[in-house]
Amino acid sequence: MNPPLSEARERALLIILMLVQLTVIVDFMIMMPLSSILMGELRIDTTAFGLLVSAYSFAAGASSLLAASLADRFDRRTALLATYVGLTVATLGCALAQGYHMMLVARAVAGLFGGVLGSITLSIVGDVIPPARRGRAMGLVMLGFSLATVAGVPLGLIVANHLGWRAPFVVLAVLCALVWVVAARVVPHVRGHLSAAPTGFFASYAELLRERNHLWSLAMSATVMFSGFLIIPYIAPSMVANIGLAPVDLIWIYLAGGAATLVTRPWIGQQTDRHRHAHVLSLLALASLLPINIVANTLQLGLPWQIAISVLFFVLVSGRFIPASALATGATRPALRGRLMAATSAAQNLASGSAALVAGAMMSSGPQGELIGFPVVGLLSTAGTMLAIWLAYRVRAVS
């Protein structure tokens with residue numbers, strides 16, 4: 001068992017884990033607002049740029065699969081700090097990359113470490129925070145997504161416009177280094193899971209996958225992610241090409257959506273603690289169908305209405321990940337939690353990468369550059385959301 005933390009130490013831990021999540025998510029999202037700049041600087045087309053984005057997701061999925069066997073063999077503090085060094089160096093490598101292929105390698109290396117970090121932070125929350133407060137803790141840690149949306153996308157674009165495309169990566173690497181220093185002082189040793197750690201590499205996978213509850217949990221997590229990322233990567237291009245918003249207007253879309261989630265995520269975390277996790281997930285998922293299909297149908301409305309729709313989308317679609325994460329962390333015993341979280345991270349990264357490719361294959365560009373077929377993608381996202389609700393009720397709470 002891991003020793004209980006004082007209230008102040010627990011809160012400090014959650015804040016530093018939130019900052020770790022913030023930097024991981026910004027590291028992933030920072031490519032999106034830089035698309036036009038990078039395509040010009042690196043002299044690449046949209047297909048090559050898409051590979052830069054997906055390289056991160058698929059590398060993250062691959063590393064998470066490996067970590068599923070190794071995650072429960074180490075002190076979680078040691079794993080967090082060592083992996084975070086890797087992400088910091090890889091992010092600096094993006095800033096120093098000379099040419100497209102070096103950038104592609106740097107993005108893949110960043111994904112290798114970023115994919116594992118997400119599972120480690122969730123494992124620490126699951127091991128240290130009691131179940132009665134876990135939903136609220138997840139809500140606080142996952143505020144990193146909101147802050148990344150509010151700060152990462154707009155500020156990354158502003159910094160790049162003034163100082164060049166390399167500057168956002170330098171700033172992020174420095175921020176990672178500062179967070180690492182604080183994490184080394186705040187994050188406690190988490191070793192309560194080590195006594196039952198398996199010895200065989202393949203035995204680790206066998207032990208993880210032989211429990212049906214783990215399979216339900218993995219399927220639920222992947223489906224929630226897949227249904228969301230059918231839409232998320234194409235929000236910005238659809239608003240510019242189909243609706244006619246100016247690229248600068250996207251800053252307000254991300255600022256408003258991210259700011260709204262700063263308020264709603266803690267509240268969703270509280271509701272997750274008070275009610276059955278599957279109930280909270282199902283209510284958020286059903287409500288999210290409205291903004292999903294409005295976004296996919298790209299209604300010809302003015303900027304204020306687009307901001308309002310985007311706020312609903314950010315709040316409800318991203319909010320689903322809080323009860324889903326709480327459900328996943330409680331779906332196993334402590335000795336297997338690191339492996340399950342690593343496998344969950346792999347499933348989510350592979351699902352998000354696959355969703356972007358599937359949605360892209362379902363759509364085409366019209367004569368004016370507009371996206372054709374986006375409403376059908378919205379219907380597929382709706383079907384995936386309904387499947388995720390059904391899967392959530394198959395997952396059993398264990399610890």
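A salt bridge here is a side-chain nitrogen of Lys or Arg within 4 Å of a carboxyl oxygen of Asp or Glu. The model is predicted, so local features need pLDDT of at least 70 and side-chain atom pairs count only at pLDDT 80 or more, while totals for chains, interfaces and linings use all residues. Residues are numbered from 1 along each chain as its sequence is written, and side-chain values use heavy atoms, with hydrogens and water left out.

**Exercise 1. Find how many salt bridges the structure holds, and work through the one formed by Arg 107.**

Step 1: Run the salt-bridge criterion, and you should get three salt bridges.

Step 2: Arg 107 pairs with Asp 27, with the closest N and O atoms 3.5 Å apart.

Step 3: Place the partners. Arg 107 lies in helix H5 and Asp 27 in helix H1 (residues 7-29), so this pair ties together parts that are 80 residues apart in sequence. Helices are DSSP runs of H or I with at least four residues, numbered from the N terminus.

Step 4: Check the cover. Both Arg 107 and Asp 27 are buried (buried is under 20% relative accessible area, exposed over 50%, partly exposed in between, with a 1.4 Å probe and protein chains only).

**Exercise 2. Work out which residues are linked with Arg 333 in a network of salt bridges.**

Step 1: Arg 333 forms a salt bridge with Glu 207, the closest N and O atoms being 3.3 Å apart. That pair links distant parts of the chain: Arg 333 sits in the loop between helix H15 (321-329) and helix H16 (334-362), and Glu 207 in helix H9 (residues 201-209), 126 residues apart.

Step 2: Arg 333 also meets Glu 211, at 2.6 Å from N to O. Glu 211 is in the loop between H9 and helix H10 (212-229), 122 residues from Arg 333.

Step 3: Put the pairs together, and Glu 207, Glu 211 and Arg 333 form the network.

Step 4: Compare accessibility. Glu 207 counts as buried at 18%, whereas Arg 333 is partly exposed at 34% and Glu 211 is partly exposed at 24%.

**Exercise 3. Describe how H4 and H5 cross.**

Step 1: Take the axes, which are lines fitted to C-alpha atoms over the stretch in contact, with angles from 0 to 180 degrees between N-to-C directions. The axes of H4 and helix H5 (residues 100-128) come within 8 Å and cross at roughly 155°.

Step 2: Classify the angle. H4 and H5 are therefore roughly antiparallel to each other, a label for angles over 145 degrees.

Definitions and conventions:
Helix = DSSP H or I, 4+ residues; strand = E, 2+ residues; numbered from the N terminus. Parallel < 35°, antiparallel > 145°, perpendicular 65-115°, else oblique.
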